[in-house]
Amino acid sequence: MWSVGVVTYMLLSGIMPFAGENWPERSANITGANYNYHDTTFDEISDLAKDFIDHLLILNPAGRMTASMALNHQWILNGPPKGRKAGHMKQARHNLKSYLANYRARWQRAGNVMIAAHRLRNQVGQRSTDAEKAPLQVT
Ligand SMILES: *[C@@H]1O[C@H](CO)[C@@H](O)[C@H](O)[C@H]1NC(C)=O
């Protein structure tokens, strides 16, 4: 549900909720749930949408919206705002495009690291039961 909050934030703005000059800074912002709506892209995002995100980006999972609560949130129930032109959220789309262009390679690397970590965990699990397993290969 935390991830739903992050993805919603990103889809509405095209920017990441947790920034920082480098990983330690960003990491500190994540673990402190330190985000805001200062970017001008959020000027055209409704308070209800922000409320939806605010109930997901909560550090303590117990305080976070559940999936069924999210589905019953007023922002979801209301559906798309009436009378909006298709051109709205132009800035968000522009931000998203440049985000994807800049971060595709990074996400691919992060994905590879996660796949390697998953394999490692599985192999370590298997080794404890079968010491003759093939040597670990991380690509
Ligand atoms: C994140 O961390 C950096 C440095 O500590 C700070 O400049 C930035 O404003 C922080 N907040 C957000 C929401 O990214």
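Among contacts in the protein chain between residues at least 6 apart in sequence, what percentage join residues at least 24 apart? In this predicted model, the figure comes out at 57%.

The fold itself is easy to describe. The protein chain has six helices and zero strands, so to speak an α-α-α-α-α-α run when read from the N terminus. The chain holds 139 residues, and 26% of them count as buried. Its accessible surface comes to about 9800 Å², with carbon and sulfur atoms contributing 58% of that.

Next comes the N-terminal end. Helix α1 covers residues 2-13, twelve residues in all. At 1.5 Å a residue it should span 16 Å, and because the C-alpha atoms at its ends sit 17 Å apart, expectation and model agree. Quite a list of α1 residues is buried: Trp2, Gly5, Val6, Thr8, Tyr9, Met10, Leu12 and Ser13. Just past the end of α1 comes glycine 14, with a positive phi of about 80 degrees. The UniProt record, an unreviewed entry, puts the feature "signal peptide" at residues 1-20. In the model, that stretch of residues 1-20 is 60% helix and 0% strand, and 23 Å separates its end C-alpha atoms.

On to the ligand. Which residues surround it? They are Ala19, Glu25, Asn29, Asn34, Tyr35 and Asn36. Ala19 also falls within the residues 1-20 that UniProt labels "signal peptide". Three of the neighbours can be described atom by atom. With alanine 19, the pair consists of a polar backbone atom and an oxygen atom of the ligand, 3.1 Å apart. Asparagine 29 uses its side chain instead, where an N or O atom is 2.5 Å from a ligand oxygen. For asparagine 34, a polar side-chain atom lies 3.4 Å from a nitrogen atom of the ligand. Taken alone, the ligand exposes 360 Å², and the protein buries 56% of that area.

One more residue deserves a look, alanine 33. Alanine 33 sits in the loop that links α2 (23-31) to α3 (47-54). Its phi is near 50 degrees, a positive value in a residue other than glycine. Is alanine 33 buried or exposed? It counts as buried, because its relative accessibility is 18% and the cut-off for buried is under 20%.

Conventions:
Residues are numbered from 1 along each chain as its sequence is written. This is a predicted model: local features need pLDDT of at least 70, side-chain atom pairs count only at pLDDT 80 or more; totals for chains, interfaces and linings use all residues. Side-chain values use heavy atoms; hydrogens and water are left out. Helices (H or I, at least four residues) and strands (E, at least two) are DSSP runs, numbered from the N terminus. Buried means under 20% relative accessible area, exposed over 50%, partly exposed in between (1.4 Å probe, protein chains only). Contact means heavy atoms within 4.5 Å. Accessible areas come from the Shrake-Rupley method with a 1.4 Å probe; for residues, only the protein chains shown count as cover. The expected span of a helix is 1.5 Å times one less than its number of residues. UniProt positions are given in the numbering used here, feature names are shortened, and annotations may be inferred rather than shown by experiment. A residue is near a molecule or strand if one of its heavy atoms lies within 4 Å of it. A polar contact is a pair of N or O atoms within 3.5 Å; within protein, one must be able to donate a hydrogen and the other to accept it, and residues adjacent in sequence count only if both atoms are side-chain atoms.
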